[in-house]
Amino acid sequence: MSKYEGFTEARKKANIKYFSEKVEEIKVRVPKGKKEEYKAKAESKGLSLNAYIISLIESDN
């Protein structure tokens, strides 16, 4: 059985291409200590912090 050694160069290039074409980034600044609090809240809902923030924004009608 082979040992996993990380992403291949082809996978790295594919990821870079995907993110440059399909994804935008937003940087959010929070007070020190709040990031872990927010992350724990997201995890309690079964979501990543990113998915939790997006769900909150999209549910705001």
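Modeller: Let us begin with a term: a helix is a DSSP run of H or I with at least four residues, and helices are numbered from the N terminus. The model discussed here is predicted.

Colleague: Where is the place of Val28 with respect to the helices?

Modeller: Val28 lies in the loop between helix H1, residues 9-22, and H2.

Colleague: What makes Val28 count as buried, partly exposed or exposed?

Modeller: Val28 has a relative accessible area of 56%. The term exposed applies over 50%, and therefore Val28 is called exposed.

Colleague: Which class does Arg29 belong to, and how do you know?

Modeller: Arg29 is also placed in the loop between H1 and H2. Its relative accessible area is 73%. The cut-off for exposed is over 50%, so Arg29 is exposed. As for its position in space, the C-alpha atoms of Arg29 and Asp60 are separated by 20 Å, with these positions 31 residues apart along the chain counted as their distance apart.

Colleague: How do you know whether Tyr52 is buried or exposed?

Modeller: Tyr52 is found in helix H3. Its relative accessibility is 14%. Buried means under 20%, so Tyr52 counts as buried. Tyr52 and Gly33 are 19 residues apart in sequence, and their C-alpha atoms are 18 Å apart in space.

Colleague: What makes the contact of Lys12 and Glu9 a salt bridge?

Modeller: The side chains of Lys12 and Glu9 meet at 3.4 Å, N to O. A salt bridge requires a side-chain nitrogen of Lys or Arg within 4 Å of a carboxyl oxygen of Asp or Glu, so this pair qualifies. Both residues lie in helix H1, three residues apart, which is about one turn of the helix.

Colleague: Why can such side chains pair?

Modeller: Side chains of opposite charge can pair when their charged atoms come close.

Colleague: How are Lys12 and Glu9 classed by accessibility?

Modeller: Lys12 has 38% relative accessibility, and Glu9 has 52%. Partly exposed lies between the limits of 20% and 50%, so Lys12 is partly exposed. Glu9 is over the 50% limit and is therefore exposed.

Colleague: How do you know that Glu21 and Lys17 form a salt bridge?

Modeller: Their closest N and O atoms are 4.0 Å apart. The rule asks for a distance within 4 Å, and therefore the pair is counted. Glu21 and Lys17 are separated by about one helical turn because they are four residues apart in helix H1. Glu21, at 52% relative accessibility, counts as exposed because the limit is over 50%.

Colleague: What makes Lys34 and Glu37 a salt bridge?

Modeller: The closest N and O atoms of Lys34 and Glu37 are 3.2 Å apart, and the cut-off is within 4 Å. Lys34 is found in helix H2. Because Lys34 and Glu37 are three residues apart in this helix, they are separated by about one helical turn.

Colleague: Why is Lys34 called partly exposed, and what of Glu37?

Modeller: Lys34 has a relative accessible area of 28%, and Glu37 has 44%. Both values fall between 20% and 50%, so both residues are partly exposed.

Colleague: How many salt bridges are there by this rule?

Modeller: The count comes to three salt bridges.

Colleague: Which residues make the nonpolar surface patch?

Modeller: Ile26, Val28, Val30 and Tyr38 make a patch of about 390 Å². Patch residues need over 30% relative accessible area; Val28, at 56%, therefore meets that condition.

Colleague: What lines the largest pocket?

Modeller: The largest pocket, with a volume of about 540 Å³, is lined by 14 residues. Ile26, Val28, Leu49, Asn50 and Ile53 lie nearest its centre. Helices H2 and H3 are the elements that give two or more residues to this lining, and the largest share, five residues, comes from H3.

Colleague: How do the lining residues divide by kind?

Modeller: The lining holds 10 nonpolar residues, one polar and three charged.

Definitions and conventions: Residues are numbered from 1 along each chain as its sequence is written. This is a predicted model: local features need pLDDT of at least 70, side-chain atom pairs count only at pLDDT 80 or more; totals for chains, interfaces and linings use all residues. Side-chain values use heavy atoms; hydrogens and water are left out. On a 1 Å grid over the protein atoms alone, a cavity is a set of points where a 1.4 Å probe fits but cannot get out, and a pocket is an open set with protein on both sides within 12 Å along at least five of seven lines; lining residues have an atom within 4 Å of a point. Grid points are joined across faces, edges and corners, and a volume is the space filled by probe spheres set on the points. Ala, Val, Leu, Ile, Met, Phe, Trp, Tyr, Cys and Pro count as nonpolar, Asp, Glu, Lys and Arg as charged, and the others, Gly among them, as polar. Patches are made of residues with over 30% relative accessible area and no salt bridge: like charges are joined within 9 Å, nonpolar side chains (Val, Leu, Ile, Met, Phe, Trp, Tyr) within 5 Å. Accessible areas come from the Shrake-Rupley method with a 1.4 Å probe; for residues, only the protein chains shown count as cover. Buried means under 20% relative accessible area, exposed over 50%, partly exposed in between (1.4 Å probe, protein chains only).
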